[in-house]
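Me: I am new to this structure and would like a close look at a single part. Could you take me through the surroundings of the ligand and the sheet beside them?

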Amino acid sequence: MGTAVAGVRPVTPTDGSATSAAPALEAEDLYRFYRAGEEEARALRGVSLTVRGGELVAVTGPSGSGKSTLLACLAGLEEPSGGTVRVAGRRISHRPESERAALRAELVGVLWQTGNLVEHLDVADNVTLARALHRGRRLARPRPGRSVVDLLAAVGLGARARSLPSQLSGGELARAGLAVALANGPRVLLADEPTGELDSATESSVLALLRDLADDGVAVLVVTHSATVARAADRRIVLADGKEVAA
Ligand SMILES: Nc1ncnc2c1ncn2[C@@H]1O[C@H](COP(=O)(O)OP(=O)(O)OP(=O)(O)O)[C@@H](O)[C@H]1O
């Protein structure tokens, strides 16, 4: 059982809407096409997956194989052209944007390589803002969570709470982004290249945080080009040309 981020683990919802027996994340036969004039990019062509709480799953594949598109569809940030996404048994796809955002706020943490931090707010205020935004959107009752101070300590940023993002190292930025992604105590964490620009020692420490999170019951799905991250995952999903291929 991990300890570093223990306490951000979600508790079973009390509103009866999310079924705790359902897999944390399910995608069934996802398609995503982009049209630009006469051209059509087929970014996803029938991807299905299941990730249970406690699993750390890596999504790998060459550039342009559909990894980021998959993540965006799983997060409800994009609508798939076909197929269904469910989080904790609740369908997040094929809904109005406001409903997708509300479900995301309740159940999903998203960590992008480009960062999810507001530049002019310090680290603690970034986490506080993320919490406030999630609370404002949340349909169900807020779950009990850690204080911002505890959450920052859990990701190893206790001493940097009052630093601006521009004052942080790459590894610290990744940790701060993780704290923001965890602000809502998500059931599912979706991360796109969270260790993309980190040296190997820093990558290992971020990877350890993701592992602790999974050990605490969160379903963690990481898009990565890193062989180290892929090796450390419980499972690997390899995409090529918008489809899953044998690992
Ligand atoms: N908004 C868009 N409009 C048109 N085509 C897009 C759009 N987003 C993605 N694509 C196309 O969909 C395909 C998959 O892109 P995606 O970004 O998901 O790949 P990826 O595996 O994440 O690549 P990388 O590893 O380089 O980040 C590519 O051919 C890309 O050009």
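Reply: Here is a walk through the ligand shell, the strands and helix that supply it, and a few residues further along.

A word on the model comes before the tour. This is a predicted model, in which local features need pLDDT of at least 70 and side-chain atom pairs count only at pLDDT 80 or more, while totals for chains, interfaces and linings use all residues. Residues are numbered from 1 along each chain as its sequence is written.

Let's start at the ligand. Around it stand Y34, A36, A41, A43, G61, S63, G64, S65, G66, K67, S68 and T69; a residue is near a molecule if its C-beta atom, placed from the backbone, lies within 6 Å of it. By type, this shell holds 4 nonpolar, 7 polar and 1 charged residue. Here Ala, Val, Leu, Ile, Met, Phe, Trp, Tyr, Cys and Pro count as nonpolar, Asp, Glu, Lys and Arg as charged, and the others, Gly among them, as polar.

Which elements supply at least two residues each to the shell? They are β1, β2 and α1, and α1 gives the most, with 3 residues. These names refer to DSSP runs numbered from the N terminus: helices are H or I runs of at least four residues, and strands are E runs of at least two.

Next, look at how α1 sits. This helix, residues 67–74, lies across β1 (25–36), β2 and β4, and runs at about 120° to β1. The angle is taken between N-to-C directions, on a scale from 0 to 180 degrees, using axes fitted to C-alpha atoms, for helices over the stretch in contact. Contact between two residues requires C-beta atoms, placed from the backbone, within 7 Å.

Now for the sheet itself. It is an open sheet of 4 strands in the order β2-β1-β4-β5, and its pairing is antiparallel. Because β2 (39–51) and β5 (90–91) stand at the edges with a single partner strand each, one side of each has no neighbour in the sheet. Two strands are said to pair if DSSP finds at least two bridges between them. In general, the strands of a sheet pair through backbone hydrogen bonds, either parallel or antiparallel.

Follow the sheet from β1 towards β5. Strands β1 and β4 run antiparallel and are joined by 5 bridges, with L25 standing opposite V87 in β4. Strand β4 (residues 82–87) also pairs with β5 in the antiparallel sense, over 2 bridges. On that side V87 stands opposite R90, and R86 stands opposite R91. You have therefore met V87 twice: its partners are L25 and, in β5, R90.

The hairpin of β4 and β5 has 2 residues between the strands, and A88 takes a positive phi near 50° there. A little further on, H94 lies in the loop between β5 and α2 (97–107). Its phi is near 55°, a positive value in a residue other than glycine. Is H94 buried, exposed or partly exposed? H94 counts as partly exposed because it has 14 C-beta neighbours inside 10 Å; 20 or more would make a residue buried and 12 or fewer exposed, with C-beta atoms placed from the backbone.
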